[in-house]
Amino acid sequence: MTKKLFCLFLLIAVSYNPLFSQTTFPVHGVQDERERHVAIINATVHADAQTILSPATLLIRQGKIVAVGTKMSIPSDAVVIDAGGYHIYPSFVELVSDYGMPPAAPANKTRLQLESNKKGAYYWNEAIRAEVKAHESFSQNTEQARRFRAMGFGSIVTHARDGIVRGSGTLVLAGEERDNDLMVQQQAAAFFSFNKGSSQQPYPNSLMGSIALLRQAFYDTRWYAAGGWREQQNISLDAMQRLLQLPQVFETNDVLSALSAARIAREFGITFIIKGGGNEYQRIAELKEAAMPLILPLTFPRPYWFADPYDASAVALSDMMHWEFAPANAAMLHQAGIPFALTAAGIKDEKEFWANLRKAAMAGLHSRELLRALTETPARWLRVNDQLGTLAPGKLANFFICTDTLLHPKNTIVQHWIRGRMYPVASMDLTDLRGSYSLEAGPLKATLIVSGDFATPQAVIRLGDTASYTARLQRSERLISLSFRQPRHAALNWMLSGYAEGRNLMGWGTDSGGNPIQWKAQYTGPPPAAKDTAVTWKHTVEGTMRYPFTGYGWEQLPRPETVLIRNATVWTNEAEGILPNTDVLLQDGRIARIGKNLQAPQAKVIDATGMHLTAGIIDEHSHIAIRQGVNECSHSVTAEVRIGDVIDPSDINIYRQLAGGVTASHLLHGSCNSIGGQTQLIKMRWGYGSEALKFEGWPGFIKFALGENVKTSNWGDEHRFRFPQTRMGVEQTIKDAFIRAKTYKKKWDTYNRLSAKQKAATTAPRRDLQLEALAEILDGRRHITCHSYVQSEITMLMRLAESLGFRVNTFTHILEGFKVADQMKAHGANASSFSDWWAYKFEVYEAIPHNPALLAQMGVVTAVNSDDAEMARRLNQEAAKSVKYGGLSEEEAWKLCTLNPAKMLRVDHRVGSIRAGKDADVVLWSDHPLSVYARAEYTWVDGTLFYSRQQAVRQQQDIQAERQRLMKKMMEAVAAGEPAREGGSFSRILWDCETATDGHDVE
């Protein structure tokens, strides 16, 4: 490239501003208003993901592309740049960033207030920030813009990453001009998340609270738009209406949260563009059904470096598996037909970005789809594909020039053009120095070999076939300096400086004696192929996908089978009692037949001689399989939150409890509140998704609580800001909530009686999710399970419920239930008790282990529960304790963990006993089911075998082999130069009634 061309190039980079003629700013000095043309010729132009033109010309005028193609005529006034040998790609489009935004205020976790401190007519919760407009706060950041350009991004959607509803994001260019000139679209997209951000209000403090708040905000927006604005002005809700007209981006960090966002979108008939967490491959079928586009991160976990075997044992196998699968995330979603874009969110620097981009390609993503996901797709989703995403006439001149194809390991971006303005990235000189040269420097004649990376080449001087000297090569724009010591004992280095002229190098310098010389290096061809002694790491996926994504997951999800269980001792829990030497046929997910010598030619036969067959255990009170918070502790009444929104189907406790004979579990909200959240009954369908775990047709329940927890007795003084603080206040809180619910119900009943014509002229009442759940209780469509200990409070709640027109379905814990069993029976309440827990806090000092037996003997339907992930594995033994404490018969004791919880959960027509037509939720035990020696040999749910001891032994062997394989593979990756992380401990929080979170760490 000539020196003249270089100067013209520099002129373009420094002085060319395509917007000079349109500026609203005053001119200070002399303005150059010439309309400049630039023609970049002889390049390989990747116009879009499908189209490659070579040798091609790209013609630019006033910041836009005029033409692109081959065999084009060049305007006479165009500055011509010869980019022969180089590649041009459209700039990438970043969808998720906070580039150029002021940092969010840090959350003060020690200062909480129930009410919002935000001044003005805004929404009641500070986490709903729909009124925020990123374009009002954006300010160009030179260093961040340089980093984006080095990664190939020419345009960025930036937003304030603070809150659940985050307002609108703005589309800007990654240039260094005035903010006005960089803004492409003021309001480009709406942004949402589950993280409440800097809000100082305690609500929400859980993921289910975040979901409830967002749902309520959407319903409030509908009400406001339908006429609610006449009753109350609200800046946030007014802004929410406008946000819904924009593309809507929802930021999550996990595939289960992505599915939660998708469920909200379906509820409100909208489409979220969901930014995922990188593990979407684990739930592809559910994501495909959700039909939401995804933004996939390119942040991949590093391999572990195991210094000793103890480090290895502390790393979860699922983490090791994720390391292998994560780079294949995009490829697997593409294969499934799920639309996606890619984001650099979370990437540390350009080196990591390009390395991970290549890793995604190695793992199966075609370069064509990779380019599309960074250009055309995000531009189309933002509705700016008429300006960005491809290189076509009329679009912004946003592109970068690089040395090779996009994913070539030696590829380097040398220039990035933003709306027709050139920004150097690697060097403004387009000369590639790599090659073989014939060097003449004064009296010295040698061969110069330049190899390595384009931007940082390395040089070697060779004299003949044996002697070689490492040279230090430096470059600055077109200037070159070369120094080496020859002979090795010379006092001074050869020091050469000069410039590139075409493919040749030349200049002046001094020899090893300090004498001035001229030198020239004539290009003779490419450098010789280097003997690569380094180990090159290529990331591949050799493991098998599992459901859920853990060592005990299934390679193929199990399906119902026809099974004939022969010659078992069958505990029916029916009038027939215990039947020895009996056959049971499971077919189509149900118990088909019970009898002697049954015939089923197509069935799988299990000889159960000496074994016991029972209905599956049902845990009436559990907190397993719940994501990011079991308690929404912020308010005294949180009836709007739902455990069903946050089920974690990958919780290993599901599998462990299957091994203990549990086939169904009632997942409860914790006991922080007088009126807590809605509960969820699940079947233990290990491997299936969150929605598939839910017990179909089950009537809804809700958690209430009494006693020390709800009045914050043991929370510490800094948390004693919430009403109630006394047991009297608990009663008043519940009473007040139902009075409000009755008023709410009356409004809706009145509205629903209106004719269609009257409704059209009337604004419907505001839908209140909290009061709606309480109204369901009043209607008998939702049932209460109440955390309780002390007889006085148990009696209080029954009397209060009767005065308000409803009944308490279940008192759980109920450790003083034996004192009021007659009143509970009269009320119609059930009891779900611990077997023998007592004295772990003041209000349980008077508990006795005879409680379950006494309640049962008084005619109260009674169960024993776990409230503990570990205890649930041996609820059969907990039930057996009532044989000792209270003298229950073995059959009645067995009903404490099977039929009785089914009755209190109102599903005894489906489960809880062995009767033809019921769900085939059954367990085959090795011994008497109440014995401490009994093991669950087989556990079926809906006639599907989800656990067997034989299979568990094979799985344990497979897990050990898989750990060894992945450890070896990780060590090989680290040896090949992959950045590593040290092994560390892993843990899963085991929730109980009293576990609380603050909400700032959600998502």
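Biologist: How do H4 and H5 lie: roughly parallel or roughly perpendicular to each other?

Modeller: This is a predicted model, where local features need pLDDT (the predictor's confidence in each residue, from 0 to 100) of at least 70, side-chain atom pairs count only at pLDDT 80 or more, and totals for chains, interfaces and linings use all residues. The axes of H4 and helix H5 (residues 235-243) come within 9 Å and cross at roughly 90 degrees. Axes are lines fitted to C-alpha atoms, for helices over the stretch in contact, with angles from 0 to 180 degrees between N-to-C directions. Angles under 35 degrees count as roughly parallel, over 145 as roughly antiparallel, 65 to 115 as roughly perpendicular and the rest as oblique, so H4 and H5 are roughly perpendicular.

Biologist: Which residues of H5 make the contact with H4?

Modeller: Contact means heavy atoms within 4.5 Å. H4 brings Ala-217, Phe-218, Asp-220, Thr-221, Tyr-224 and Ala-225. From H5 come Leu-237, Asp-238, Met-240 and Gln-241.

Biologist: How many residues of the contact of H4 with H5 are nonpolar?

Modeller: Ala, Val, Leu, Ile, Met, Phe, Trp, Tyr, Cys and Pro count as nonpolar, Asp, Glu, Lys and Arg as charged, and the others, Gly among them, as polar. In this contact, two residues are polar and two are charged. The nonpolar ones number six.

Biologist: Asp-220 and Arg-766 meet in a salt bridge. How many residues apart in sequence are the parts that the pair ties together?

Modeller: Residues are numbered from 1 along each chain as its sequence is written, and side-chain values use heavy atoms, leaving out hydrogens and water. The pair (a salt bridge is a side-chain nitrogen of Lys or Arg within 4 Å of a carboxyl oxygen of Asp or Glu) sits 2.7 Å apart, N to O. Asp-220 lies in helix H4 (residues 207-225), while Arg-766 is in the loop between helix H17 (756-760) and helix H18 (769-778), so the parts tied together are apart by 546 residues.

Biologist: Which residue is buried, Asp-220 or Arg-766?

Modeller: Buried means under 20% relative accessible area, exposed over 50%, partly exposed in between (1.4 Å probe, protein chains only). Arg-766, at 29%, is partly exposed. At 3%, the buried one is Asp-220.

Biologist: Lys-969 forms a salt bridge with which residue?

Modeller: Lys-969 lies in helix H25 (residues 949-975), and its partner is in the loop between strand E25 (516-525) and strand E26 (563-571). Lys-969 is buried at 4%, whereas the partner is exposed at 51%. The closest N and O atoms are 3.3 Å apart, and the partner is Glu-542.

Biologist: How many salt bridges does the whole structure hold?

Modeller: Another pair is Lys-819 with Glu-816, at 3.3 Å. Salt bridges that share partners also join Arg-590, Lys-683, Arg-685, Glu-696, Arg-910, Asp-919, Asp-921 and Asp-942 into one network. The search of the whole structure finds 55.

Biologist: Is Asn-279 buried or exposed?

Modeller: Asn-279 sits in the loop between strand E11 (272-275) and helix H7 (284-290); helices (H or I, at least four residues) and strands (E, at least two) are DSSP runs, numbered from the N terminus. Beyond residues up to four places away in sequence, Asn-279 touches Asp-254, Val-255, His-322 and Asn-329. Its relative accessible area is 10%, so Asn-279 is buried.

Biologist: Over which residues does pLDDT stay under 50?

Modeller: The mean pLDDT of the protein is 91, and 93% of its residues reach 70 or more. The stretch under 50 has 46 contacts beyond four places in sequence. That stretch is residues 1-21.
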